[in-house]
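User: I'm new to this structure and could use a guide. Could you take a close look at one small spot, then show me around from there?

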Amino acid sequence: MFFDLHPSLLLFLHRLKCIMFRNMLTNSCNIMRKEVIGDGIINISFGKERLTWFVESRKLQAELTRHDAQMTEISIAFALEESTDGNYIPKMEQQCVFAFLPLRTYGLKFIIQGDFILPSSREEVDGDSPWNQWLLSEFPNLFTSAEKSFCSLPCFENNPGKGVSAFMSFVPLVGEVHGFFSSLPRIIISKLCTSNCLLLEGDSNTWVPPRKVLRSWNEQVRTLLPDSLIAELLGLGYLHKDIVLSDSVARALGIEEYGPKILLQVISSLCHTDGGIKSMGLTWLSSFLSALYEMSFQDSRQSSVDFGTDSDAINRLRKIPFIPLLNGKYGSISEGTIWLNIDAMSSKMDNEYGLEAFPNLFAELRIVDPALFSCSIVGNLCQMLYKVGVQRLSAHEIVTVHVLPAISVEKSTSENKGLMCEYLSYIMVHLQSSCPKCSVERQQIISEVHNKALILTNHGYKRLSEVPIHFNKKSGNPIDVEKLINGIDVKWFEVDIIYLKYPVHKSRGMLKWRKFLKEVGVTDFVQAIQVEKTVVNSSHVSEKEMFSPDSTIKDWESQELVDLLSRVSSSGDREGASIFCRLLIHRGMIISVIRLLLFAISKGKSNLSSRPL
C-alpha cells in the first residue's frame, strides 16, 4: 500500500523532509526525499527517480472569512522535467488537488494546494463551503503572478521567451476542468487577458497583454509590415519568436493571428489615414496585395479559420479605397466600377487607342494604374483585383460597357465637349479595328449609336433616331443644301466639324468619319427608309393593276423629303422648286418626284400645280 504513495506527497508537508519505506518481506528499503533548491524549485527523489516541481505560494488574511484562523496559505505546483541542456520541460500529466495530502484529479495540469474543508470521506473538496469558495477565488491571481517568477528561473534567464512558452502550456482551457474547480479556466484566462504576460520580439524586457501581440509571423512578414507600421496602425507588436503557444490557448487569450484579417486591417487603416496608402508606394502595395491573395484565396484552410468566408473578405475590401488609379487617386469598388486595362498591360493598345489619344475618356474611366504591375507577381495581383470586383477592360469593353451608356446621357453634353467627341471617336476607331467580338456585335453597336448616341450638330446635340442628321460641305457633302433651303423655314441638321478636327484621325480622317457616320445613319441628303408593303395597302393605282392583291412589294419612304417638298412648294419659290426637282432627278429619284408632287397636290400642300417646273 505504501508503494502507491506519490512523491508529491512531500511537497506541502513542510516539516517532513524524508519518508523511508522498509519492506519486511524483501528486507529492502526505499527513501522518498525532498530537496528545496531555491527560486521555487523543489526536487523529490524516490529511489533512482527524481521529480521536479516549481512551487509558488501566497499567504492570505483569513480572519474575515474564518474566525478560527488568521492566516492561510495557498500554493500551485508545476511538474517539470529537466532536459539534457539544463532547461525545464513542462510535464502535461493531470495533477491532483491537495489539502496538504493529495485528494483526486479535477482535470488540472498543475497541483492546487489549499487548506480546503473536506467531507469525512476525504474524496473531494466540499463545494458548498464558503471558505473553499473563497480559497478558489484566490487561485487565478496566484496563477498569473507565478509567471514572472517561473520565467525568472536561471534556465530561462537568457531566453525568457521559452519560459513563457513553458508556463503557458499549463493554462487550463474551458471544458478541461470539472467539478468544484470547473470555473478556474475561465477566470484564469480572463486574468491573463488583462495582464502583461507576453513578450515582444526584439525586446525581452517589455511585457504586454495578449491583445497587443501578433503571432504566426516570419521575417518576410516583418519586411512587409515593419514593427513601427503595425504599432502605429494596429497598436500591435510581434510576439517574441521563442514563445510558442497552442492554437487553442492563443485563441482563448485573444491573441491576433497574422493572416488576411490583419492584412485587411492594415490596408483599411492606411487608406483612412491622410496620405497613408500613397506614402507606402506601389511596389509595397503590389507585394501586399500578392500576400493577401495567397493567404486569403490560395490557402482555403487559413482563410476559413482566420477570416470567415471569402465573401466577407470581398465585401470588406470593396469598401476600402486601396486601388491606385490613373488619375493619381485611390478608389474602392463601392464608389463605382474600376477597370483593369488588359490591352494596356499586354502592350496591345497602340497609340490609336492610347491615353494620349483619348485623355478625357481614360481620365473618366477609373482604370487601375499600370505602374502597379511593374513587379514580377502580376498573376497574383490580377487575380486579387478580379476577386475584389475589378473588371477586365479591353477596347471592346470600353465601348460596350462605358462609352455607349455615357454618350447617351444628356448631362454629359454640358460637361465636356471634348469628352463627348472622344466617345464617338473611340467607337469609330474600334469598329474599324480587327476586334473579333465586333464580328458578332457590330450591328448591335451601330444600332445603339443610331438610337441613343448624342451627336453634336449645328443645332446642338441630337440623336439620329429623333432627327435626320446630314454631312456638311466640309464633311464631303457634294450637295449645296444652302441654296435649296435658303429662305425656307426648315431646320437642317449637320454634323459639327469638331469630329473632323479630332487629332486621332490625322490620316484620311474625313473618309473614316464619312464611312462610320454613314453606317450609323448620317446622310448627304434626305433620309429614305425601305419599307415592305402588300399591294392591297399600296397607295399607287398602277401597282394594284400590275400585281395580285396578295403580292408584296418593296418601296422607299422619306418623311423628311415629304416635309421638305411641302415647305418648298408652299414657299412659292419657283427657283428653289426647280433646284429641288433637278436634285431629285439627278439622284435617280424621278419617280419619287412625280409621286410626291401628286401626293402634295392631293393634300393641298403645294401650289406648284399652277406653275411650270
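Is D39 buried or exposed, and what is its relative accessible area?

Analyst: D39 is exposed, at a relative accessible area of 54%. (The cut-offs: buried is under 20% relative accessible area, exposed is over 50%, and partly exposed is in between, using a 1.4 Å probe and protein chains only.) Before going on, note that this is a predicted model, where local features need pLDDT of at least 70, side-chain atom pairs count only at pLDDT 80 or more, and totals for chains, interfaces and linings use all residues. Numbering runs from 1 along each chain as its sequence is written, and side-chain values use heavy atoms, with hydrogens and water left out.

Back to your spot. D39 sits in the loop between β2 (28–38) and β3 (41–46). (Helices are DSSP runs of H or I with at least four residues, strands are runs of E with at least two, and both are numbered from the N terminus.) D39 also has a positive phi of about 55°, even though it isn't a glycine.

S216 is another non-glycine residue with a positive phi, of about 60°. You'll find S216 in the loop between β12 (213–215) and α4 (219–224). With a relative accessible area of 40%, S216 is partly exposed.

Now follow β12 into its sheet. Three strands make an open sheet in the order β13-β12-β14, paired in parallel. Here β13 (237–238) and β14 (256–257) are the edge strands, each with a single partner strand, so one side of each has no neighbour in the sheet. (Two strands pair if DSSP finds at least two bridges between them.) β12 and β14 pair over two bridges, and R215 has E257 in β14 as its bridge partner.

R215 and E257 also meet through their side chains. The whole structure holds 14 salt bridges, and one of them joins R215 to E257, with the closest N and O atoms 2.7 Å apart. (A salt bridge is a side-chain nitrogen of Lys or Arg within 4 Å of a carboxyl oxygen of Asp or Glu.) That pair links distant parts of the chain, since R215 is in strand β12 and E257 in strand β14, 42 residues apart. R215 counts as buried at 9% relative accessibility, whereas E257 is partly exposed at 22%.

Just along from S216, R222 and E219 form a salt bridge at 3.9 Å, N to O. These two are three residues apart in helix α4, so about one helical turn separates them. R222 has a salt bridge with D227 as well, with the closest N and O atoms 2.9 Å apart. D227 is partly exposed at 29% relative accessibility. Going back to R215, salt bridges with shared partners join R215, D247 and E257 into one network.

For contrast, try E494 in strand β22 (493–494). E494 is buried but has no salt bridge, and the nearest side chain of opposite charge, K473, is 9.5 Å away. (Lys and Arg count as positive, Asp and Glu as negative; His and the chain ends aren't counted.) Leaving out residues up to four places away in sequence, E494 touches L456, T457, N458, I469, H470, F471 and N472. (Contact means heavy atoms within 4.5 Å.)

F471 leads us to the rings: the charged end of R514 sits over the ring of F471, 4.4 Å from its centre. (For that, NZ of Lys or CZ of Arg must be within 6 Å of the ring centre and within 35 degrees of the ring normal.) K148 does likewise over the ring of W207, at 4.8 Å from the centre.

Rings pair with each other too, and a search of the whole structure finds 23 aromatic pairs. F78 and F150 make an edge-to-face pair, 6.2 Å centre to centre with 70° between the planes. (Rings of Phe, Tyr and Trp, the last by its six-membered ring, pair if their centres lie within 6.5 Å; planes under 30 degrees apart are stacked, over 60 edge-to-face, and the rest tilted.) F78 lies in strand β5 (71–82) and F150 in helix α1 (130–151), so the pair ties together parts 72 residues apart in sequence. F78 and F150 are both buried. Ring pairs link them into a cluster with F54, F110, F143, F156, F167 and F170.
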